[in-house]
Amino acid sequence: MRKRFHHFLLLVTLPASCRLVSMAAEPLRLSFDLVWQQNLGPRYDDALFRWAVCRDGSSYFTDAKGRLAILNAEGRVLYDSARHSELLSTVAIACDPEGRFSAANERRVMTFAFDGSRVQLVSEIDIRAHRVRPSRLLVPPSGEFVLTGFRDGASYIHVVRRDGSLARSFGEPPAELNASLARESARRASIAWDLSGGRLIYIPMSHFDVRAYALDGQLLKRCPAALAGFRQPSPDILTGRARPGGEVFYAAALPDGSLAVQAALVTDGPARKPSQKLTLALLDRELQVPFARVLDASMPGILQGASADGTLYFMSITPQQGIQLRAGRLME
């Protein structure tokens, strides 16, 4: 029988400095133990799908055409509506500390409550005055909205208060990238809230540069090379422009302060031809040392988040299987 993997039992005390760790050390290789799976039917063409996972394991699924599905912690669909006019053009969603969900588009951020039978809009703020084009949304315990995305041509982290005022913008793209790639990488960054450390985790899309911020904008920690195998961007032979050395898909903060990060790593294939391999790495609470990896052979989809008990949530969308939502635990 396979043994359930409790990652927090493997943590050791480590120096505070960030360092590159060779994958030759062969970190623990894990597989995925499925807890539940739900099929939400066929996908829509040209739709943007988002899935927000709450701390209690309940979750909200939306697409840019206004669909909303609500699932409980066991994966049972409690609500599924094909069209909510308020959710048209939604680009990002998140759970708030009360278990409600918030949705952002380029005009506003809305918060909805579900009473078991119907969904009600309880509040909304207009963000057009801040000129923010959001791509990710997070609601920390303070109740403010954290958005990543363009503002006045730059890609930063933006904290917006519940009254709609802009508290602050902070952060910067990776300095190692050229301007256009750096802005896009920062705009599509992954963000997660580390509850145990009270900090915001931020990783640019095409640069494995893990950072931890306080909500006042203070940079608490930066690990620019936390995962060996994630290449630095290199010039394209034909255009001369920088191309990514990999891509971070999503980061999920785990209960003990460690971090699950899913990325596509660029490796040399036959005849040294670059190819991408999907990898899930577990970083310790110092945001370094990938002490465990899950290889693409057992990957159940694209990481979407984690609940308070460490359950990981994945989504896969294909023409053949439609929209598949999966939850499970890592196993040795």
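The exercises below work through strands, a core and charged pairs in a predicted model.

**Exercise 1.** Determine the strand order of the sheet that contains β3, and state which strands stand at its edges.

Solution.
- Step 1. The sheet is open and has four strands, in the order β3-β4-β5-β6, with antiparallel pairing.
- Step 2. β3 (49-53) and β6 (77-81) each have a single partner strand, so they stand at the edges and one side of each is left without a neighbour in the sheet.
- Step 3. From one strand to the next, the twist averages 10°.
- Step 4. For the pairing of β3 with β4 (residues 59-63), count five bridges. A52 has Y60 of β4 as its bridge partner.

**Exercise 2.** Find the salt bridge between R67 and D80, and work out which parts of the chain the pair ties together.

Solution.
- Step 1. The side chains meet with an N to O distance of 2.8 Å, and this is one of 14 salt bridges in the structure.
- Step 2. R67 belongs to the loop between β4 and β5 (68-71), whereas D80 is in strand β6, so the contact ties together parts 13 residues apart in sequence.
- Step 3. Buried means under 20% relative accessible area. R67, at 6%, is therefore buried.
- Step 4. D80, at 43%, counts as partly exposed.

**Exercise 3.** Describe the sheet that contains β7, then locate the bridge partner of A104.

Solution.
- Step 1. This open sheet has four strands in the order β7-β8-β9-β10, with antiparallel pairing.
- Step 2. Its edges are β7 (92-95) and β10 (119-126); each has a single partner strand, so one side of each lacks a neighbour in the sheet.
- Step 3. Ignoring direction, neighbouring strands are turned by 20° against each other on average.
- Step 4. Strand β8 (residues 101-104) is joined to strand β9 (residues 108-114) by four bridges. The partner of A104 in β9 is V109.

**Exercise 4.** Decide whether strand β11 is enclosed or open to the outside, and describe its hairpin with β12.

Solution.
- Step 1. β11 covers residues 132-138, and six of its seven residues are buried, so the strand is largely enclosed by the rest of the structure.
- Step 2. β11 pairs with strand β12 (residues 145-151) in the antiparallel sense, over six bridges. L138 is bridged to V146 of β12.
- Step 3. Six residues lie between the two strands of the hairpin, and G143 in the turn has a positive phi of about 90°.

**Exercise 5.** Identify the residues with the most contacts in the largest nonpolar core, and the elements that supply this core.

Solution.
- Step 1. The core has 16 residues, of which I201, I203, V210, L259, V261 and L287 touch the most other members.
- Step 2. Two or more residues come from each of β16 (199-203), β17 (210-213), β21 (246-253) and β22 (259-268).
- Step 3. β22 gives the largest share, four residues.

**Exercise 6.** Characterise D284, then the charged pair R211 and D209.

Solution.
- Step 1. D284 sits in the loop between β23 (274-283) and β24 (290-295).
- Step 2. With a relative accessible area of 2%, D284 is buried. Its side chain reaches the backbone nitrogen of E286 at 2.8 Å.
- Step 3. R211 and D209 form a salt bridge whose closest N and O atoms are 2.8 Å apart. Both R211 and D209 are buried.

Notes: Residues are numbered from 1 along each chain as its sequence is written. This is a predicted model: local features need pLDDT of at least 70, side-chain atom pairs count only at pLDDT 80 or more; totals for chains, interfaces and linings use all residues. Side-chain values use heavy atoms; hydrogens and water are left out. Two strands pair if DSSP finds at least two bridges between them. Axes are lines fitted to C-alpha atoms, for helices over the stretch in contact, and angles run from 0 to 180 degrees between N-to-C directions. Buried means under 20% relative accessible area, exposed over 50%, partly exposed in between (1.4 Å probe, protein chains only). A polar contact is a pair of N or O atoms within 3.5 Å; within protein, one must be able to donate a hydrogen and the other to accept it, and residues adjacent in sequence count only if both atoms are side-chain atoms. A nonpolar core is a set of buried Ala, Val, Leu, Ile, Met, Phe, Trp, Tyr and Cys residues joined through side-chain atoms within 4.5 Å. A salt bridge is a side-chain nitrogen of Lys or Arg within 4 Å of a carboxyl oxygen of Asp or Glu.
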